[in-house]
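Student: I am new to this structure and would like a close look at how its helices pack. Please take one helix pair slowly, and then place it beside other parts of the chain.

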Amino acid sequence: QLKDNTIIIVLGASGDLAKKKTYPALFGLYRMGFLPKGVKIVGYARTKMDSAEYHKRITSYIKNVEDEEAKTKLEEFKELSTYISGGYEDDASFDNLNKHLVDIEGGFQGNERNRLFYLALPPSVFIPVARNLKVHCYSKAGINRIIVEKPFGKDLESCRELLSSLKQHWSEDETFRIDHYLGKEMVKNLLVLRFANVAMGAAWDKNSISNVQITFKEPFGTEGRGGYFDEFGIIRDILQNHLLQTLSILTMERPVSFAAEDIRDEKVKVLRAIPPIEREDTLLGQYVAANGKPGYLDDDTVPHNSVCPTYAATTLWIHNPRWEGVPFILKAGKALNEAKVEIRIQFKDVTQGIFKDISRNELVLRIQPAEAMYLKLNTKTPGLYTRAIPTEMDLTYKRRFTDIHIPEAYESLILDALKGDHSNFVRDDELDVAWKIFTPILHWIDGKSGPAPKPVQYPYASRGPKELEAFIAKYGYKRSTEG
Ligand code: BG6
């Protein structure tokens, strides 16, 4: 389904996203032979630079080019990449970009001209750029697609405004809204785990499951991104999108088929069964200086009295027959003791009887680092007496799938966009319902519905607020009794 005669245009080519994610992913796809035959890549940004400078930048964006084959591929990749500078708001710049695209297309065989626009840009220029691309750079002889990325507004109202402005120029079919968690291997595995295994499917409901935690931990603070972060906070940065998207796939009903609309219909349905988050189901934190590291408020780009949360735990409830009464705890924090993203499903106690004080079963899906799934099971201690101890059935990807490259999320998603597959992109109505769940709590945190709450403090490089233990216990989470 890959289309020949394609140009990928990266807008914001000198920015952070392009550097850290877009270019490395494009190169990864190129290296593995997954980009369309004869593809060309055009970088566009305000920074003025010539080809040599641009190629030098590409080299610096791409890591792990060790062997000769990779070096050759990188040279080829640079050959097919060109750069053009221009503004984001004026017509002349986009006419100029279009001229450049038409020149490149002069070298294509056949009549088709396909363009994939990747907006690696700050939200302030989304709308003018989307408009200018449509007016000046839209191919009339092929497929046009546009990739956009969060933030999609700051609440329900601003999201609706943004979406309707974008829709004036780009149809839903042409639009690919990235939530890069949907491209992560373990998140994509959820569909298979749930719907290709009778054993899992049978235990996947309120009768068997006591509580679920989806956890995001990062070991660094907002260093250098304080300005952006303070405007958004951890809930808009991680919970409302990455963790909620993961939750929707974890909890949706089985889609009729693998088709994008069938999957997204089911995700919307389950999200609609979640009421807005209550204040009492929320714990907010902000990191302070510790272990030789600065606190959030020590960042010069952050207002000195900011109450912006850098940590949040919130509990969601799904009102449908499968999940009624099961707490889903989403928690995320910056400046913690480790880098880890995981889903932890804790099953209910066995009914009392022959065994006392035994641990609950838990299924842990580690999304990163080092993808793994493990199931905590009680097992008889081998020997001449009967005693149950907690053990693990462990599927660590590195051990089980040796020599298999686990794709980066962005590699997987850019390839999907090139193929026109929307399954792992966020539909407009998904965004709407996601904002409905979070908007009231965000307005409270923003101080729009009374005084803003003050987050509790936690030390940099700690496990998070000390109140967390009691918070998760409130929803029935029980630590396993070891041995
Ligand atoms: C981004 C957030 O969406 O996701 C960042 O804006 C965060 O704050 C990043 O660091 C985490 O992505 P990953 O893939 O490293 O888990």
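Tutor: What follows looks at one helix pair, then at a second pair, a lysine in a loop, and the cysteines. The model is a predicted one. Two packed helices are described by the angle between their axes and by the distance between those axes.

Start with helix α1, residues 16-31, and helix α12, residues 409-419. Their axes come within 8 Å and cross at roughly 65°. That angle makes α1 roughly perpendicular to α12, since angles of 65 to 115 degrees are counted that way. The crossing of α1 over α12 is right-handed. On the α1 side, the residues that meet α12 are Leu 17, Lys 21, Thr 22, Pro 24, Ala 25, Leu 26, Gly 28 and Leu 29. On the α12 side they are Tyr 410, Glu 411, Ile 414 and Leu 415. Sorted by class, this contact holds eight nonpolar, two polar and two charged residues.

The second pair is α5, residues 126-137, and α6, residues 156-167. Here the axes are 9 Å apart and the angle is about 15°, so α5 and α6 are roughly parallel to each other. This crossing, too, is right-handed. Phe 126, Ile 127 and Ala 130 of α5 make the contact with Leu 162, Ser 165 and Leu 166 of α6. By class, these residues divide into five nonpolar, one polar and no charged.

Away from the helix pairs, Lys 334 sits in the loop between strands β10 (327-333) and β11 (340-347). With a relative accessibility of 3%, Lys 334 counts as buried, because the cut-off for buried is under 20%. Setting aside neighbours within four places in sequence, its contacts include the charged residues Glu 218, Arg 225 and Asp 237. Lys 334 also touches Phe 220, Gly 221, Phe 229, Ile 234, Tyr 287, Thr 310 and Tyr 458.

Last come the cysteines. A search of the whole structure finds zero disulfides. For Cys 159, the closest cysteine sulfur is that of Cys 308, 20 Å away, which is too far for a bond. The sulfur of Cys 308 has its closest cysteine sulfur in Cys 159, again at 20 Å. A disulfide needs the two sulfur atoms within 2.5 Å. Both residues are buried: Cys 159 has a relative accessibility of 1%, and Cys 308 has a relative accessible area of 8%.

Definitions and conventions:
Residues numbered from 1 in each chain as written. Predicted model: local features only at pLDDT ≥ 70, side-chain atom pairs only at ≥ 80, totals over all residues. Heavy atoms only, no water. Axes fitted to C-alpha atoms, helices over the stretch in contact; angles between N-to-C directions. Helix = DSSP H or I, 4+ residues; strand = E, 2+ residues; numbered from the N terminus. Parallel < 35°, antiparallel > 145°, perpendicular 65-115°, else oblique. Left-handed = near helix turned anticlockwise from the far one by under 90°. Contact = heavy atoms within 4.5 Å. Buried < 20%, exposed > 50% of the residue type's maximum accessible area, 1.4 Å probe, protein only.
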